[in-house]
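Opening the notebook on this one. I want to look up the ligand site and then the packing.

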Amino acid sequence: MSTTIPTGPSGSGNHEDSAPCMARPRDFPIRRGCPFAPPEDYARLRTEEPVARVTLPTGREAWVVTRYEDVRELLADPRISADIRRANFPALGEGEQEIGARLRPFIRTDAPEHTRYRRMLLPEFTVRKTRAMRPAVQAIVDDLIDAMLASGGPVDFVPAYANAVSTSVICELLGIPKENLEFFRDVTRISGSRSSTAEQVAEALGGLFTLISDLVAQRQEQPRDDLLSKLVVDHLQTGDITLNELLSTVGITINAGRETSTNMLALSALLLIRRPELAQELRADPSLMPAAVDELLRVLSIADSIPLRVAARDIEISGHVIPADDGVIGLLAGANHDPEQFPDPGRVDFHRPDNHHVAFGYGMHQCIGQHLARLEMEVALGTLIRRIPTLRLAVPYEEVEFKHESATFGIERMPVTW
Ligand code: HEM
């Protein structure tokens with residue numbers, strides 16, 4: 001861990017405060033010990049190195065920020081960039097870096113380009129629009145629970161429920177046929193894995209784009225009442241965006257919305273299985289569900305290292321200068337477990353006051369699908385604990401497989417029965 005490197009991170013800016021840079025900084029990401037909490041080392045980083053230097057799996061170096069106030073300040077700072085084409089962009093895998101720079105999904109762009117896409121999508125993700133989806137989400141959830149119960153069990157909860165709910169909801173929103181659950185799962189697994197090569201990511205996304213472009217052609221002929229038709233009629237046919245831009249926007253919405261919700265649902269279900277008194281509390285008082293969803297989002301913080309940025313200028317955070325052109329990551333799990341903001345942060349408390357967590361990020365890129373994600377969680381978890389109150393693991397806990405290698409933390413395989 002202590003190979004000497006010849007210069008500071010980027011060779012630019014003020015490195016006076018960063019003497020440890022002379023040794024190879026610690027590797028990042030740091031593995032979670034307990035799946036329901038951030039890596040233990042985050043607590044030490046918050047107190048001892050709130051702006052810490054790390055080495056990424058790509059061999060590049062970057063800074064990580066762990067305090068609540070610092071993460072919010074960083075992500076709201078107009079001097080940071082989310083442009084993946086920048087040399088020190090801190091992607092966690094080569095595949096993401098290379099393909100991202102080629103495709104430029106809008107999550108990895110800056111204003112004014114970013115604003116253009118965000119404005120295009122925002123009207124479809126309002127609280128009102130999302131609320132109107134509740135009956136459809138409930139129907140999806142009920143069908144999947146019927147199918148699980150009819151199968152007699154055991155089933156792997158991840159494909160049978162978590163992934164099926166999140167994929168079906170995105171398909172419902174966009175107007176994409178639901179037959180291809182497996183296909184979507186593979187695309188997201190490959191494109192979201194740190195160990196995927198650029199070729200593997202390109203191939204997986206190529207398949208997804210072919211599927212979407214076939215549907216776009218159909219919608220050009222015959223628009224329907226769905227988001228894809230809206231994008232085609234209001235933005236593609238008017239010349240606002242090109243076909244490639246449309247494919248990349250729809251692609252990122254599918255990927256961003258599917259994997260995150262799948263992981264949140266599976267991990268939350270496991271937490272409730274392990275802590276039956278919490279499930280009981282929710283069954284006894286279903287009006288707690290919305291607060292419970294936000295508390296689970298905070299505690300589990302599955303999208304911990306999604307906000308990847310580059311300092312476009314020197315930025316001072318907590319007395320440390322992040323030099324211009326250096327990569328920086330605002331660690332959401334670090335922020336969401338900062339005891340200064342959330343007393344006794346590891347405690348799951350459905351009555352926690354002022355739960356202003358940053359599980360959906362903060363600032364310009366804050367999650368566009370957050371209302372939909374909350375709705376999905378509320379309906380899918382609430383219905384699950386009500387209709388299958390005896391849900392339990394069908395294997396010893398130690399055999400549950402977690403996703404340590406993917407962009408968002410989650411569960412790979414979780415056989416359950418009831
Ligand atoms: C529990 C579920 C979810 C979590 C934890 C989550 C988390 C996040 C986070 C942390 C960001 C900010 C990334 C950054 O700052 O770089 C983000 C952005 C985004 N999310 Fe989500 N998300 C969830 C569900 C969804 C859903 C359901 C959708 C769509 C249907 C969605 C679509 C997006 C998009 C398009 C962006 C990019 C926004 C932008 O760059 O302006 N997400 N999400």
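For the helices I took DSSP runs (H or I, at least four residues), numbered from the N terminus. Helix 4 (113-121), helix 11 (243-274) and helix 15 (370-387) each put at least two residues into the shell around the ligand.

Setup notes: this is a predicted model, where local features need pLDDT of at least 70, side-chain atom pairs count only at pLDDT 80 or more, and totals for chains, interfaces and linings use all residues. Residues are numbered from 1 along each chain as its sequence is written, and side-chain values use heavy atoms, with hydrogens and water left out.

**Ligand shell.** I counted a residue if one of its heavy atoms lies within 4 Å of the ligand. That gave 27 residues, the closest being His114, Arg118, Arg309, His365 and Cys367. Helix 11 supplies the most, with 5 residues.

**Polar contacts.** I looked for pairs of N or O atoms within 3.5 Å. Arg118 has a polar side-chain atom 2.6 Å from a ligand oxygen. For Arg309 the distance to a ligand oxygen is 2.8 Å, and for His365 it is 2.6 Å.

**Iron.** Which protein donor does the iron atom have? I searched for N, O and S atoms within 2.8 Å of the metal (3.2 Å for Na, K and Ca); water is not among the atoms, so sites may look incomplete. The only protein donor is Cys367 (SG), at 2.3 Å. Cys367 is in the loop between helix 14 (332-336) and helix 15.

**Packing.** I checked Tyr161 for contacts (heavy atoms within 4.5 Å). Leaving out residues up to four places away in sequence, Tyr161 touches Val141, Leu144, Ile145, Met148, Ala380 and Leu384.

Conventions: Polar contact = N/O pair within 3.5 Å; in protein donor to acceptor, adjacent residues only side chain to side chain.
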